[in-house]
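This report describes the structure shown below. It takes up the main pocket, then the fold, and then individual residues.

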Amino acid sequence: MTAPNALDHVRPVFRRIITWGAVLAVALAIVGGVVGLLVADTPGLVGGLLGAVLSVVFLGLTAVSVLVALRVSKGQMISGAFFGIVMGTWLLKFIVFIVLLVALKDRTWVDFPVLAIVIIAGVVGSLVIDVVAVAKARIPIGVQLPGDGIDGSADAGNPTPHN
């Protein structure tokens, strides 16, 4: 029996995550932009829109990195290449995030509190999307359970006594 190729089963999950992430980005842009405009005029609008863009870029990078890592590792999630690509992308995202926050901190054309709140809402929303998408996924793990016959059928006719 060969190990299942995770790429075949995980790709639809991450496509769903990317699609829902795009919907989240549009919602964040609309709500964050309007609330930002009402609270802090044009800099608030810019902060809301920029926060939505950053949120979707970081969400998309995560999903794309997993898909690329699965392709490079030929679908084997316990490969060093898989973990290297995913963790490298995470580290890159972290560094870019810190650099962007420092670069935008004292700019007058962007309202930093609105930007931060929209980014936080995007992070929480993307975590919810990830959890829901993975929880609803039906990904086989290729494990034979006790009581399964050699051919994969349950051995209900010959129960083995357990003392």
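## The largest pocket

The lining of the largest pocket comprises, by class, 11 nonpolar, four polar and two charged residues. The model is a predicted one. In this model, the largest pocket holds about 410 Å³ of space. The elements that contribute two or more residues to its lining are α1, α2 and α3, the last of these spanning 112-136.

The lining of the largest pocket consists of 17 residues, and those that lie nearest its centre are F58, T62, K93, V123 and S126. Helix α1 supplies the largest share of this lining, with seven residues.

## Overall fold

The secondary structure of the chain amounts to three helices and zero strands. In sequence order, the pattern is α-α-α. Helix α1 covers residues 6-72, and helix α2 covers residues 80-104, while α3 runs over 112-136.

The chain has 163 residues, of which 29% are buried.

## Buried positions and contacts across the sequence

Which residue of the sequence lies 8.0 Å from L59, C-alpha to C-alpha, at a separation of 64 residues? The residue is V123, which is also among the residues nearest the centre of the largest pocket. L59 belongs to helix α1. L59 counts as buried because its relative accessibility is 9%, which falls under the 20% cut-off for burial.

A second pair joins T89 and F58, which are 31 residues apart in sequence and 9.7 Å apart in space, C-alpha to C-alpha. T89 is placed in helix α2. Its relative accessible area of 16% is under the 20% limit, and T89 is therefore buried. F58, its partner in this pair, is one of the residues nearest the centre of the largest pocket.

A third pair, R16 and D130, is separated by 114 residues along the chain, and the C-alpha atoms of the two are 9.3 Å apart. R16 is part of helix α1. With a relative accessible area of 32%, R16 is partly exposed, because this value lies between the 20% limit for buried residues and the 50% limit for exposed ones.

## Nonpolar surface patch

A nonpolar patch of about 1,100 Å² is present on the surface. The residues that make this patch are I78, F83, M87, W90, L91, F94, I95, I98, V99 and V102.

One of the patch residues, I95, lies in helix α2. Is I95 buried, partly exposed or exposed? I95 is partly exposed, with a relative accessible area of 46%. I95 can therefore belong to a patch, as patch residues need over 30% relative accessible area, and I95 has 46%.

## Backbone at D41

What is notable about the phi angle of D41? D41 has a positive phi of about 55°, although this residue is not a glycine. D41 lies in helix α1.

The relative accessible area of D41 is 55%. D41 is therefore classed as exposed, because the cut-off for exposed residues is over 50%.

Note on methods
Residues are numbered from 1 along each chain as its sequence is written. This is a predicted model: local features need pLDDT of at least 70, side-chain atom pairs count only at pLDDT 80 or more; totals for chains, interfaces and linings use all residues. Side-chain values use heavy atoms; hydrogens and water are left out. Patches are made of residues with over 30% relative accessible area and no salt bridge: like charges are joined within 9 Å, nonpolar side chains (Val, Leu, Ile, Met, Phe, Trp, Tyr) within 5 Å. Accessible areas come from the Shrake-Rupley method with a 1.4 Å probe; for residues, only the protein chains shown count as cover. A salt bridge is a side-chain nitrogen of Lys or Arg within 4 Å of a carboxyl oxygen of Asp or Glu. Helices (H or I, at least four residues) and strands (E, at least two) are DSSP runs, numbered from the N terminus. Buried means under 20% relative accessible area, exposed over 50%, partly exposed in between (1.4 Å probe, protein chains only). On a 1 Å grid over the protein atoms alone, a cavity is a set of points where a 1.4 Å probe fits but cannot get out, and a pocket is an open set with protein on both sides within 12 Å along at least five of seven lines; lining residues have an atom within 4 Å of a point. Grid points are joined across faces, edges and corners, and a volume is the space filled by probe spheres set on the points. Ala, Val, Leu, Ile, Met, Phe, Trp, Tyr, Cys and Pro count as nonpolar, Asp, Glu, Lys and Arg as charged, and the others, Gly among them, as polar.
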